[in-house]
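The following exercises concern the reading of burial, contacts and internal cavities from a set of coordinates. Please examine the sequence and the structure before turning to the solutions.

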Amino acid sequence: MKFLGIAALVAGLLAPSLVLGAPAPGTEGVNLLTPVDKRQDSQAERYGGGGGGGCNSPTNRQCWSPGFNINTDYELGTPNTGKTRRYKLTLTETDNWIGPDGVIKDKVMMVNDKIIGPTIQADWGDYIEITVINKLKSNGTSIHWHGMHQRNSNIQDGVNGVTECPIPPRGGSKVYRWRATQYGTSWYHSHFSAQYGNGIVGPIVINGPASANYDVDLGPFPLTDYYYDTADRLVLLTQHAGPPPSNNVLFNGFAKHPTTGAGQYATVSLTKGKKHRLRLINTSVENHFQLSLANHSMTIISADLVPVQPYKVDSLFLGVGQRYDVIIDANQAVGNYWFNVTFGGSKLCGDSDNHYPAAVFRYQGAPKALPTNQGVAPVDHQCLDLNDLKPVLQRSLNTNSIALNTGNTIPITLDGFVWRVNGTAININWNKPVLEYVMTGNTNYSQSDNIVQVEGVNQWKYWLIENDPDGAFSLPHPIHLHGHDFLILGRSPDVTAISQTRYVFDPAVDMARLNGNNPTRRDTAMLPAKGWLLIAFRTDNPGSWLMHCHIAWHVSGGLSNQFLERAQDLRNSISPADKKAFNDNCDAWRAYFPDNAPFPKDDSGLRSGVKAREVKMKW
């Protein structure tokens, strides 16, 4: 490993962390996030709602519909609503776009002409049918429905090179259809090219029961790092240097410029005496956030689509790709309060040129003015998420039966600026997705697809992920798994990220650290710097499922593998209609790429960095 690469990677990361997120004075915002998300189009409906039986109410959120409530095992039973919710997402690109904080970006990519796409909303048990129309000029696309298990519908997962060929540009289209077998909050995003970082994202809300009562559902509140440069150029930079700080942070699509004052603060409306559900989503490409609301606590009721027992916090770490549904009790004096973002862990998990990103939470009846109380500096979470949440729907296993070996140990290493998992940097083939191998019975998989084959029906599989303990320097990673939630059985001891304390799993010492009694379960969790994370999932969902770091620069650089789960069962589950749609889309893509595409594939093919040469040639 080259010292210069490591030095560049950590340059600028050792400055003191921000300790307080209250922004400098500026004009007050005017956009109110109300119980109905006014930013969305006519497809949006009131969030929360009641199930088919109408039993879900502010005094009984645990109920949903006859036979279905918060204690129903959603992996075994789903309400039969008989409904299909249909959406159309049109992807376009715009040059010389004036951003939320007044800075002109030379290129953005949008969904339905918005920097945050429309909310995909449905009830638990509905089918969802989304037509994606790709009107981009030269980029393909695929849309991934983050956190959705896609039970028996792996082919709808939306990962080019894995479950499909990309949708070709200039009018190509594809219809995704899947069932909402889970409920809660998530998001969708491109899994192709630099589109994720350039604006191809949007929220998902699946209405269902909740583990605590509330009065008002405020809907989704996405937060994201925001860059004036294109994601494509940033990928070129991260191929030989460390990433820059974000230029700003968007709250539900709004931001104030830290020096010019242009733009406006996102403003959320609270009603005195009411409890409000807020659906927090980190759609960033690199920044993790520490969140706090001045003078208020938050009660977590869901983490990554997994309902949990209510858990009160004064501040919250929200990693890239993670979601939390929280309840905010408006029990303070009528007024205006800062909702602050800060950066911890000596900035090893994000930093921004806006040192005090914030939104305004305004009680009804309060003056339209900025808050005067900055709030209390939150604890430094050290790039670590909560690992003591208790899921309502319990899953437990005997950790004494765990046997770790090279077959279920997954080392992550950094070689210069290339990330390797199990010694391989993933590099998928857009023109030959893994599902094509499966459907044709071809087991001669490419090594660059970085496949781990998983067999056995309804068996718990254990995976020890090690974060480069012997490397020169290690960064925390938000590890995301498609197709499953995973049990977090344990992680290395909690230390400061900057300490670079080396931890290698030692059964003699660390078996006692493991918890198999209904541990935290989610689809995205933080892997500590130079440490380890031990997870488990059950082989009850045949598919080719990515596991990857959700920092765009890292997966672009190779940090991913695929679990090919029960390949023969997967092959048998794909319908003739889905095969035809798959082949038709691949034929259309192959007619375009590579012979008629102006730019080559420049990275892993999964996110942020493909078509990077376009930066040099066109922009």
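The exercises below refer to this predicted model.

**Exercise 1.** Describe the secondary structure, burial and contacts of the protein.

*Solution.* Begin with the secondary structure, which comprises 9 helices and 33 strands. Next, take burial: of the 619 residues in the protein, 65% are buried. Then consider the contacts between residues at least 6 apart in sequence; 80% of these join residues at least 24 apart. Finally, turn to the surface, where the protein exposes about 20,900 Å², with 50% of this supplied by carbon and sulfur atoms.

**Exercise 2.** Determine how helix α3 (residues 231-238) is placed with respect to the rest of the structure.

*Solution.* Apply the cut-off first: a residue is buried under 20% relative accessible area. By this criterion Ala231, Asp232, Arg233, Leu234, Val235, Leu236 and Thr238 of α3 are buried. Because 7 of the 8 residues of α3 are buried, the helix is largely enclosed by the rest of the structure.

**Exercise 3.** Characterise the largest cavity and its lining.

*Solution.* The count is 6 cavities of 30 Å³ or more, and the largest has a volume of about 220 Å³. Its lining consists of 20 residues, with Tyr196, Gly197, Gly199, Thr224 and Asp225 nearest the centre of the cavity. Now assign the lining to elements: α2 (195-198), β11 (201-207) and β12 (216-226) each contribute at least two residues. The largest share, 4 residues, belongs to β12. Lastly, sort the lining by character, which gives 11 nonpolar, 7 polar and 2 charged residues.

Conventions
Residues numbered from 1 in each chain as written. Predicted model: local features only at pLDDT ≥ 70, side-chain atom pairs only at ≥ 80, totals over all residues. Heavy atoms only, no water. Buried < 20%, exposed > 50% of the residue type's maximum accessible area, 1.4 Å probe, protein only. Contact = heavy atoms within 4.5 Å. Areas by Shrake-Rupley, 256 points an atom, 1.4 Å probe, with all protein chains shown as cover. 1 Å grid on protein atoms, 1.4 Å probe; cavity = no way out; pocket = protein on both sides within 12 Å on 5 of 7 lines; lining within 4 Å. Points joined across faces, edges and corners; volume = space filled by probe spheres on them. Nonpolar A, V, L, I, M, F, W, Y, C, P; charged D, E, K, R; others polar.
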